[in-house]
Amino acid sequence: MHSANILLFEGSEQAAVAAGDAFIASARTSGTRPVGLATGQTMTPVYDHLLTIDGQANGLFADTVFSQLDEVIGQTSPVDSFAAEITTSLFSQFRATPAGFLMIDGQAGDPADEAIRHCSAIRMAGGLAMQLLGIGVNGHVGFNEPGSPDSSRCRVVDLAASTIQRNGYDTGMQGITLGIADILAAEQIILVATGAAKAAAISAMINGPKTPDCPASLLRDHPDIRLFLDKEAASQIS
Ligand code: GLP
């Protein structure tokens, strides 16, 4: 991976603000093509920054179509879904309603069909102008757990034990995620990683073999990928 695509910041806040600015720049030029949102704690300060800038520029995202990266299946309450989290933490606080949200329904009767429907909704909207990503401690992106090949498409997946444990899910939890091939098809990729817990995954992504064992490594030759890392997350890069 070209070192120019690896952007290093002193702290997590600076990394989040820079990633947020890159996200805004991309959203401004996306036209009617969707820009992909992620969930996870890493995104909280990124989204806080989007809200700050939106507060200063009325209607910043009024023309933006957003789309969803992944979703948990069958949470007992729909309010625990990623879609609800995105709606509450972001859309409901924007000054103007976004032009659209291509969401994944984690309570759909047939999750496999829902995955295919989501994929084609993105394709019909012109494909992803940009996908925002975090990274799992095991190198997952979205819910593409270790073992996900670069040909993988939007589908139902079993969550890895470490993901279930870290996120406090029930054993056997499944998700719907864009595949590695879907993420690679995005025109731009912005990946954010902060904190020491992500250091090994970032090192494996950048310096390790390109392998489904570390799904994030399969993204590193994308022509327009940028990594926004704080010092801790970057501490094991060689
Ligand atoms: C979760 C999500 C990913 C997210 C990652 C990191 O399981 N499926 O989309 O990027 O794990 O989450 P966090 O930022 O909370 O560490």
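How many nonpolar, polar and charged residues does the shell around the ligand have? By class, this shell has 3 nonpolar, 9 polar and 3 charged residues. The close-up views below start from that shell, and please keep in mind that the model is a predicted one.

**View 1. The residues around the ligand.** Here we meet the 15 residues that surround the ligand. Gln41, Thr42, Asp70, His140 and Lys198 come nearest. Helix 5, which runs over residues 161-167, gives the largest share of the shell, with 3 residues.

**View 2. Polar atoms facing the ligand.** Let us look at individual atom pairs. A polar atom in the side chain of threonine 42 lies 2.5 Å from an oxygen atom of the ligand. At glutamine 41, a backbone N or O atom is 2.8 Å from an oxygen atom of the ligand. Glycine 142 also takes part through its backbone: one of its polar backbone atoms is 3.2 Å from a nitrogen atom of the ligand. On its own, the ligand has 390 Å² of accessible area, and the protein covers 93% of this.

**View 3. The largest pocket.** Where does the ligand sit? The space that the ligand takes is the largest pocket. This pocket holds about 640 Å³ of space. Its lining counts 29 residues, and Thr39, Gly40, Gln41, His140 and Asn167 lie nearest the centre of the pocket. Two elements, helix 3 (82-89) and helix 5, give two or more residues to this lining. Helix 5 provides the largest share, 4 residues. Sorted by class, the lining of the largest pocket divides into 9 nonpolar, 15 polar and 5 charged residues. Gln41 and His140 are worth finding again in this view: both are among the residues that come nearest to the ligand, and both are among those nearest the centre of the largest pocket.

**View 4. The second largest pocket.** Our last stop is a pocket with a volume of about 150 Å³, the second largest. Which residues line the second largest pocket? They are Cys119, Ile122, Arg123, Gly127, Leu128, Arg153, Leu178, Asp182, Ala185 and Ala186. Helix 4, made of residues 111-124, gives the most to this lining, with 3 residues. By class, the lining of the second largest pocket has 6 nonpolar, 1 polar and 3 charged residues.

How values were computed:
Residues are numbered from 1 along each chain as its sequence is written. This is a predicted model: local features need pLDDT of at least 70, side-chain atom pairs count only at pLDDT 80 or more; totals for chains, interfaces and linings use all residues. Side-chain values use heavy atoms; hydrogens and water are left out. A residue is near a molecule or strand if one of its heavy atoms lies within 4 Å of it. A polar contact is a pair of N or O atoms within 3.5 Å; within protein, one must be able to donate a hydrogen and the other to accept it, and residues adjacent in sequence count only if both atoms are side-chain atoms. Accessible areas come from the Shrake-Rupley method with a 1.4 Å probe; for residues, only the protein chains shown count as cover. On a 1 Å grid over the protein atoms alone, a cavity is a set of points where a 1.4 Å probe fits but cannot get out, and a pocket is an open set with protein on both sides within 12 Å along at least five of seven lines; lining residues have an atom within 4 Å of a point. A molecule sits in a cavity or pocket if more than half of its atoms lie within 2 Å of its grid points. Ala, Val, Leu, Ile, Met, Phe, Trp, Tyr, Cys and Pro count as nonpolar, Asp, Glu, Lys and Arg as charged, and the others, Gly among them, as polar. Grid points are joined across faces, edges and corners, and a volume is the space filled by probe spheres set on the points.
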